[in-house]
Amino acid sequence: MKITVIHGQSHKGSTYHIAHSLAEKLNGDITEIFLPRDFDEFCVGCTACFTESEMRCPHYEKLFPITKAIDDVDVLILASPVYVYHTTGAMKALLDHYGWRWMVHRPEEKMFSKQAVCISTAAGAGIKSTNRDMSDSAFWWGIAKKYTYGIAVAEVSWERVSEQKKLKIDKKLFDLAQKILKKQKHLKPSVKTKLFFTVMRVMQKHGWNKADMDYWKDKGWTDKKRPWKK
């Protein structure tokens with residue numbers, strides 16, 4: 001199993017330790033990306049990725065290693081601490097660059113055979129909305145199965161988190177890892193994902209954006225082919 005972890009911060013705090021621990025429990029090859037260290041660009045809103053090609057993005061070359069790290073794995077972990085009730089700016093900036101991959105545009109077929117986990121931590125509140133920031137992209141990319149895990153650690157550093165809470169976290173991560181490993185053997189997109197794909201399929205038959213329409217037609221998705229069927 002191959003795992004990519006995208007950390008929404010470059011320091012190794014509570015969120016890092018939890019995400020890294022889950023990756024280790026999956027017992028596979030791990031690639032870790034730290035933001036903004038490994039990608040620090042903001043989307044400039046040129047819309048070239050939508051109307052022409054993702055290769056027209058001014059940050060395409062810098063983004064490509066991360067795109068490859070996402071595409072080449074079985075499990076993707078998106079991890080961010082809570083910043084003012086939402087994900088970090090660095091994580092949001094990265095996800096903004098993949099708008100063209102949403103099902104409404106040109107989803108990558110490999111996403112339909114992956115699992116994703118969205119992880120967040122906070123000293124207090126904001127976990128749900130932070131995980132939602134990341135899980136929205138995971139869903140619209142077409143990822144077959146996604147999970148969320150968040151916890152209020154009641155501290156600002158991992159070292160100060162109580163041992164009792166760390167044991168509780170470790171138990172949750174172990175259970176989550178077992179679910180992921182079991183699911184990987186029989187992985188199919190959810191009914192909701194298939195439903196939204198069908199809606200997008202109808203739209204792309206008579207869409208407004210030629211780049212998207214051509215993509216769906218070339219994939220055979222406006223006919224009988226589906227990304228989750230080989």
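Student: Is the crossing of helices H1 and H6 left-handed or right-handed?
Tutor: This is a predicted model, in which local features need pLDDT of at least 70 and side-chain atom pairs count only at pLDDT 80 or more, while totals for chains, interfaces and linings use all residues. Residues are numbered from 1 along each chain as its sequence is written, and side-chain values use heavy atoms, with hydrogens and water left out. A crossing counts as left-handed if the near helix is turned anticlockwise from the far one by less than a right angle, and as right-handed if clockwise. For H1 and H6, the crossing is right-handed.

Student: How are H1 and H6 oriented to each other?
Tutor: H1 spans residues 14-25 and H6 residues 163-184, helices being DSSP runs of H or I with at least four residues and strands runs of E with at least two, numbered from the N terminus. Their axes come within 9 Å and cross at roughly 45°, where axes are lines fitted to C-alpha atoms over the stretch in contact and angles run from 0 to 180 degrees between N-to-C directions. Angles under 35 degrees count as roughly parallel, over 145 as roughly antiparallel, 65 to 115 as roughly perpendicular and the rest as oblique. The crossing angle therefore makes H1, relative to H6, oblique.

Student: Which residues of H1 meet H6?
Tutor: Contact means heavy atoms within 4.5 Å, and on the H6 side the residues are Ile-169, Asp-170, Leu-173, Phe-174, Leu-176, Ala-177 and Leu-181. From H1, they are met by Ile-18, Ser-21, Leu-22 and Lys-25.

Student: How do H7 and H8 lie to each other?
Tutor: H7, residues 191-205, and H8, residues 210-219, have axes 9 Å apart and pack at an angle of about 115°. Because of that angle, the orientation of H7 to H8 is roughly perpendicular.

Student: Which residues of H8 make the contact with H7?
Tutor: H7 passes H8 in a left-handed crossing, and its side of the contact is made by Phe-197, Met-200, Arg-201, Gln-204 and Lys-205. From H8 come Asp-212, Met-213 and Trp-216.

Student: Which residue joins Leu-35 through a cis peptide bond?
Tutor: The omega of this bond is about 5°. The residue sought is found in the loop between strand S2 (29-34) and helix H2 (48-51), and it is Pro-36.

Student: What is the phi of Asn-27?
Tutor: Asn-27 has its place in the loop between H1 and S2. Although Asn-27 is not a glycine, its phi is positive, at about 55°.
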